[in-house]
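The following questions and answers concern the structure shown below.

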Amino acid sequence: MRQFSYLIGVMAAIGRLPNWERYFDLSRRGLKYSFFSQIVILPGFYFIAKISSEGRAEMLGVTAPSIQLAPVLIIGLVYLLSFSAVAYILAMVFDKQNRFRAWTIVRHWCVVFLAGFVLLGFVLFKINLIPLPAAYGVAFAAYIGLLFVDIRLAQRIGGFDWGAATLAACLITVTGLSLLLTGVSQFG
């Protein structure tokens, strides 16, 4: 099961374990597979949005608004692709193109596992094991955690020093959040 290897690799890349590269396919095929993994998690975004909307409506005692699949998938895809665009620009500006592929592959797999973690939080809410605020807390922790993951990956894999890695991670996070908020405001 290759995904388990990727999970270990993600933890190795974020941590201080040596040879994190051995857990990933860093070839062009591996890059394509990592982009495919981003597409596979899109339905999870839909279920998160739907469960969140229904839970919020139930708490407020109102009818849940209809969550359409297509807008959620479009917003999610644009959000997921924003990392690659920003990372590519940063790699070009700072002359680190040779590190772009590995950085992208590892970051994609980090997002896959964090999205699964968030989805698990909302599923636990849906089956009444945790309250809705706890599910939101899981999502918030994952999103903020991704900022710290981005700093670490920009440092360790992207080859940036601490200050540039922090700047890169903030640019990635701000771009992603801006696109999410813009998309949500357009689709309602």
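Q: What percentage of the 188 residues in the chain is buried?
A: This is a predicted model, in which local features need pLDDT of at least 70, side-chain atom pairs count only at pLDDT 80 or more, and totals for chains, interfaces and linings use all residues. Residues are numbered from 1 along each chain as its sequence is written, and side-chain values use heavy atoms, with hydrogens and water left out. Buried means under 20% relative accessible area, exposed over 50%, and partly exposed in between (1.4 Å probe, protein chains only). By that criterion, the buried share of the 188 residues is 43%.

Q: How many helices does the chain have?
A: Helices (H or I, at least four residues) and strands (E, at least two) are DSSP runs, numbered from the N terminus. From the N terminus on, the elements run α-α-α-α-α-α-α. The count of strands is zero, and that of helices is seven.

Q: Which residues does serine 53 touch, not counting those up to four places away in sequence?
A: Serine 53 is placed in helix H3, which covers residues 42–60. Its relative accessible area is 2%, so serine 53 is buried. With contact taken as heavy atoms within 4.5 Å, serine 53 touches Ala64, Pro65 and Ile67.

Q: Among contacts in the chain between residues at least 6 apart in sequence, what percentage joins residues at least 24 apart?
A: The C-alpha atoms fill a box of roughly 55 × 35 × 30 Å along the principal axes. Of the contacts between residues at least 6 apart in sequence, the share joining residues at least 24 apart is 69%.
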